[in-house]
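Before using this model for further calculations, please read the points below alongside the coordinates. They move from one loop residue to others, then to a helix, the backbone geometry and the chain as a whole.

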Amino acid sequence: MKWSLFIGSLLTALAAQGMTLSNWIFTKTSPDDPQAEWKQVTVPHCWNAQDAQKGGGKENNKDFGYYRGPGTYRIKLPDTARFDGKRVFVRFGAVSNFAEVYLNGEKLAEHKGAFTSFGTELTGKLKPGAGNVLEVRADNSLRREILPISGDFPVYGGMYRNVELIERDPVCISPIANGTDGVRITQHNVSNESADLGVSVTVDSALPDGGEGTLEIALYDAQGKSILKASKPIRLTPGESEHQVDMTVPSPHLWQGREDPYLYKLDVRLSSGDNSTLLSYPIGFRSVSFDSDKGFSLNGKALKIKGVCRHQDWEGKGWALTEKEHRRDLDLILEMGANAIRLAHYPHDPKLIAMCDAEGVILWEEIPFVDSVGKPKDPAVEETTKQQLVEMIRQFGNHSSIVVWGLSNELLHRSTDDPLPLLRELNALAHKEDPYRKTVVAVNRPGNKDLCSIADLLALNTYPGWYGGGPEGMGGAIDSLHKSYPNTPVAISEYGSGASIKHHDRNISKAPKAGGKWHPEEWQSRSHEILWDKIASRETTWGTFLWNMFDFASVWRDEGDRPGINDKGLVTFDRKVPKDAFYFYKANWRDDIPVLHLQEKRATPTSDEKVAIRFYSNMKNNKVFLNEKEVPGVSSYCRNGFATPPVALKRGRNVVKVISKDDKGQLHRDEAEWIYQPDSKGNNDGDVKK
């Protein structure tokens, strides 16, 4: 069975254990107002997917430029006859960023934090029949106790992940413990000889005496063959209780990332009387290590992490993404050849992470401790920040693809109070919750020794070639970081340049103004060519993560071709257009397929009579033709980047072709039509610079 199919069927099976609640009514008016205007919406839903992408916000003045306030959802639940003899729970995938849950007007629960799951039980509170109304009051207002309170991204509002109504027996595996489905899986001491597997199950009994039950753990290989089984009788107490089963797996087939993302299936069954609960999980056995001189290793084998950063943000959709959008994002990331993702700057959807398990993608998951914390000594701030960390680790810790927990990003950037004591507590808490994964902080102030010495690992956000200096400075940034922290494994967590696919300058030789309106696509390509050359020639980093895979909303930015966008992505906000730099990395990161891409196809019409024809190719036999005539003198100017000497275009239409031959003798081609107009100011009001 293909593991992508297995993950799809597993997600379907998990959803089938409950009922997805998709069709709600919604209002921004007070729900207590009899004149409130309600409209039908489909969850996942984001109520400001449009206005948060227009720009015009001023974060420091609390004028965010988009709606930050309350919104209310309501839905009528099915007739309770279908729940006869069952317990009923509701679990929310994510609600931004504060939520209160009501049933028939009675408040049942609340949750703080925009990125993790939570739930509550409805059993005993449901009225007989079909008249039960579930209400969720969400609010994405700025609350100083709920991170993030700052950051270069909007805090969208809404119930933007799935909501499930779950039926369970009186004795069951808890479907809401810390927002999890009640099962925590750990692995350690993993080698080719054996792997230690731990399974912790939260059992919830509604019986007066707790009852008795049996836990059964079974491990199956990719072909469905039984590998290991264990059974444990348990005596239950009323309410929740924790039960642990430990096993040693002999000679495991290891999960080797993109090379071999081998997954077993782990079944966890609770039986009590005539009832039982069965949950299934994919699991890949792997060990990871980080070395300050040699970088990252997976199962003892050195692996160069070629990573990207990703926001869960789509044009017109905001955070309300379905499995389709997550799959599209991952497909583009894999097409480019990346093997790792930094999930910036918060926990992303479990659907995406399950896909990464199956595809062998290394993940860095982090909490939204971004820029600053409002009042670090405020007990409410400490409580909600620690809560977000615990929920992240418990909800996502079963995933083999996650290898490191991120604690903060660019802390001190806007802080007025000292957040480091809280950061130290978070580091200790992360190790308590998960003793088997490392912690990391991403910094843009590498000179702050106190900040940089808290976590196990260190990563630097640096933008040579965009925010000061040339891209050649990347080599010095890496060397300096390693020299300053010789005993700490270091990474580059962000680097890149902005680019508009509407702006072009074939002859650009220095960076445009980062905050300006002119962001030629060609500079992004030129800078990444140099940046990657400096990165690829150094082995001391444990990983690098370019910023960003996709353009995303940033309401306080007014730069590039339109306001409200951070355009450092290698793919446009709508995911329709990979920029030229995308293909540079594809040519460098993919050695399993032929890659050929002619650059500057969009730089037309042009007033440049003489132009160099540039292209990316991971093939060596390349020929260039202009108007059917071969252009001599093709040479390599960067890693897998090629160019001709400047050639003269004829007035009007010109056809450019590149033909490459792969190792098997097969021909590949790419071509474009360029219009030469001596008096041209470019298309779309001057988008091509003279």
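**Notes on the predicted model**

1. Gln256 sits in the loop that runs between strand S18 (239-250) and strand S19 (264-272). The model is a predicted one, and in it Gln256 has a relative accessibility of 15%, so this residue counts as buried, the cut-off being under 20%. A polar atom of the Gln256 side chain lies 3.2 Å from the backbone oxygen of Leu298. When neighbours within four places in sequence are set aside, the contacts of Gln256 are Leu298, Asn299 and Lys301.

2. Pro148 is likewise a loop residue, placed between strand S10 (133-139) and strand S11 (158-159). Its relative accessibility is 6%, and Pro148 therefore counts as buried. Not counting residues up to four places away in sequence, Pro148 touches Phe115, Phe153, Val155 and Pro368. A link across the sequence is also seen in the C-alpha atoms of Pro148 and Ile367, which are separated by 8.8 Å although the two residues are 219 residues apart along the chain.

3. Helix H3 (residues 350-359) deserves a separate look, because nine of its ten residues are buried and the helix is thus largely enclosed by the rest of the structure. The buried set consists of Lys351, Leu352, Ile353, Ala354, Met355, Cys356, Asp357, Ala358 and Glu359, so a reader setting protonation states may wish to note that Lys351, Asp357 and Glu359 are among them. At the N-terminal end, H3 is capped by Asp349, a side-chain oxygen of which lies 2.8 Å from the backbone nitrogen of Lys351. After the helix comes Gly360, with a positive phi near 80 degrees.

4. Two cis peptide bonds should be checked by eye. One runs from Trp547 to Asn548, with omega near 10 degrees, and Asn548 belongs to the loop between strand S31 (541-546) and strand S32 (552-559). Another joins Thr604 and Pro605, with omega about 0 degrees, and Pro605 is found in the loop between strand S34 (596-598) and strand S35 (610-611).

5. Positive phi values also occur at two asparagines. Asn178, in the loop between strand S13 (171-173) and strand S14 (183-188), has a phi near 55 degrees, and with 35% relative accessibility it counts as partly exposed. Asn189 lies in the loop between S14 and strand S15 (194-205), where its phi is about 50 degrees although it is not a glycine; the relative accessible area of Asn189 is 54%, which means that the residue is exposed.

6. Turning to the whole chain, the secondary structure comprises ten helices and 43 strands. The radius of gyration is 27 Å, in agreement with the value near 26 Å that a compact globule of 690 residues would have, and the C-alpha trace spans about 90 × 65 × 50 Å along its principal axes. Of the contacts with a separation of 6 or more, 70% are between residues 24 or more positions apart.

7. Finally, on surface and charge, 61% of the 690 residues are buried, while the chain exposes about 26,600 Å², of which carbon and sulfur atoms supply 47%. There are 88 positive and 92 negative side chains, and the centres of these two sets lie 4 Å apart.

Terms used: Residues are numbered from 1 along each chain as its sequence is written. Side-chain values use heavy atoms; hydrogens and water are left out. Helices (H or I, at least four residues) and strands (E, at least two) are DSSP runs, numbered from the N terminus. The radius of gyration is taken over C-alpha atoms; the globule rule is 2.2 Å times the number of residues to the power 0.38. Buried means under 20% relative accessible area, exposed over 50%, partly exposed in between (1.4 Å probe, protein chains only). Contact means heavy atoms within 4.5 Å. Accessible areas come from the Shrake-Rupley method with a 1.4 Å probe; for residues, only the protein chains shown count as cover. Lys and Arg count as positive and Asp and Glu as negative; His and the chain ends are not counted. The place of a charge is taken as NZ of Lys, CZ of Arg, CG of Asp or CD of Glu. A polar contact is a pair of N or O atoms within 3.5 Å; within protein, one must be able to donate a hydrogen and the other to accept it, and residues adjacent in sequence count only if both atoms are side-chain atoms.
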